[in-house]
Amino acid sequence: MSIKEFYNGCDIFITGGTGFMGKVLIEKLLRSCPGIKNIYVLMRHRKDKCITDRVKDMLALPLFDKIRTENPGVAEKKIIPILGDMAEIRLGISDDDYDMLVRNVSIVFHVAATVRFDEPIRDAIIKNVRGTREVVRLSEQMKNLIVFLHVSTTYCNCTRVYVEEKVYESPISWQDAITIAENVDPKLSEICTKKLLGSFPNTYTFTKLLAEQIISEKSDRSNHNNNMPMVIFRPSIVISSIAEPVVGWIDNVNGPIGLMVATGKGVTLVTLAYKDSTPDFMPVDLSIKGMILAAYHRGIHNSPSDKPLTVYNSSSVKKSITNNKLMQFAVKYFRLHPFDEILWKPRLYSTSSKRLFKILVIIQQVLPAILIDFLLEATGKPQKTKLVKLQQKIFSAMMALSFFTLQTWTFKNTNFLNLLTEIPDSEKDDFDFNFDNVNVEDIFINVLTGTQKYLFNTNTMKTKQAKNRLEKLIWLERILITLFFVFITWCLYLIIPFRF
């Protein structure tokens, strides 16, 4: 059975469909699997936007330009929003919608999660662990369920430096975690956070590991009445698209991308990282192809002789580059293609010393931010966002990321790469995610170009003005450095007596 034939006539339920990966998944399914019947997407009302308006806004994004041109009206017809909330029991879905999903859905992609590193422990457990339990409870009632794919992260096992494609034990049971979140006072649970996390750096990685335990238990064939056809799919650090449906698509600046952008804007001049550590990146379109293939492979291999659960590490392994090369590449790129508005010349110094990092941040970033805020206030041109507050946010983000920038992991990805052998020859153009011949520098050109285009709406017509501004900042830096050394020399002249 071909991949497209597998998805023909299927009703699909997606959580997290409005997130970065969720949107790319929806677009790819609609474009490359045109026989899909409906895609039900769990959504919340947001501020003044109802779920119908949110779908309209989503489909107006450049991400959907290709399918809007090739098959006008298809997305609007097949995407059906379902009002609900991952933080609620039964997902906050109405009885009618719940029953409809149970009757119709045959494939589930559980993508939703709170990805904030600083999410309070109670909220992270409710959304990532109990939310997963509620999606599983809904799915196990589905009369026509073919496959349930759970999106995790390779870094949910970040307490290990070598991560295989298997489920590892968690420090506490997922049942106990939910009990704590539901019954312990939120303030008390925050006090207990360090005790609960143990060696885990944040609530995100901790709760994603707990969620995997739910999937592992429900797929266990020893539970003859309850086992489900399930897959765990673990992307590494997901970055912008390399090709589909548009080059460089991205809608967030999380993780290392945020640091690269801050460097380009000139607000970050120092980073806390081992220069030779190698973060693991995966373009979103390649990861999404892998997800669709993983669900397909599980769906057509569901006999007693097949594995009850397959885990896929969507990892690029040898295609990643060191922190030092990554940051220097960002500096090089933004000097050639500067933002319309920058605070300082893009440059970056990396150190693995937390003490030195804090000293340099104060000298090179915080003190200048205080001075600029003061001058803007004094001249009657105060900014909405104070630079000092921005520096506080950057510092907090850097410290949260330091667990990852000061280490290197190896993710075994044999199962993931073996999916390439499952692609029928006639469908390789649509689903092949082989990245052997992909140039790493090209990937990050796409990342930074897409970030400027889709997130900052950089005006290419102002390139000359932007380069002129950058040139002025370069000369200003040279002048300030010269004045600094002149000042030091003058001080030494006053302090140290010269004898002839």
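Mentor: Helices here are DSSP runs of H or I with at least four residues, numbered from the N terminus. The model under discussion is predicted.

Trainee: Which helix supplies the largest share of the lining of the second largest pocket?

Mentor: This pocket has a volume of about 1300 Å³, and among the residues closest to its centre are Trp 344 and Ile 372. At least two lining residues come from each of α15 (354-378), α16 (387-405) and α20 (463-495). With 10 residues, the largest share belongs to α15.

Trainee: How many residues of the lining of the second largest pocket are nonpolar?

Mentor: The lining comprises 31 residues. By class, 5 of them are charged, 7 are polar, and the nonpolar residues number 19.

Trainee: Why is α13 described as largely enclosed by the rest of the structure?

Mentor: Helix α13 covers residues 284-300 and reaches 25 Å from its first C-alpha to its last, close to the expected 24 Å. A residue counts as buried when its relative accessible area is under 20%. The helix is largely enclosed because the buried residues number 16 of 17.

Trainee: Which helix gives the most residues to the largest nonpolar core?

Mentor: That core has 94 residues, and Met 291 is one of those that touch the most other members. The helix giving the most, with 9 residues, is α13.

Trainee: Which residue of α13 is in contact with Leu 29?

Mentor: Leu 29 also ranks among the core members that touch the most others. Beyond four places in sequence, its contacts include Tyr 7, Ile 12 and Phe 109. Helix α13 spans residues 284-300, and the contact of Leu 29 that falls there is Ile 292.

Methods. Residues numbered from 1 in each chain as written. Predicted model: local features only at pLDDT ≥ 70, side-chain atom pairs only at ≥ 80, totals over all residues. Heavy atoms only, no water. 1 Å grid on protein atoms, 1.4 Å probe; cavity = no way out; pocket = protein on both sides within 12 Å on 5 of 7 lines; lining within 4 Å. Points joined across faces, edges and corners; volume = space filled by probe spheres on them. Nonpolar A, V, L, I, M, F, W, Y, C, P; charged D, E, K, R; others polar. Expected span 1.5 Å × (residues − 1). Buried < 20%, exposed > 50% of the residue type's maximum accessible area, 1.4 Å probe, protein only. Core = buried A, V, L, I, M, F, W, Y, C linked by side-chain atoms within 4.5 Å. Contact = heavy atoms within 4.5 Å.
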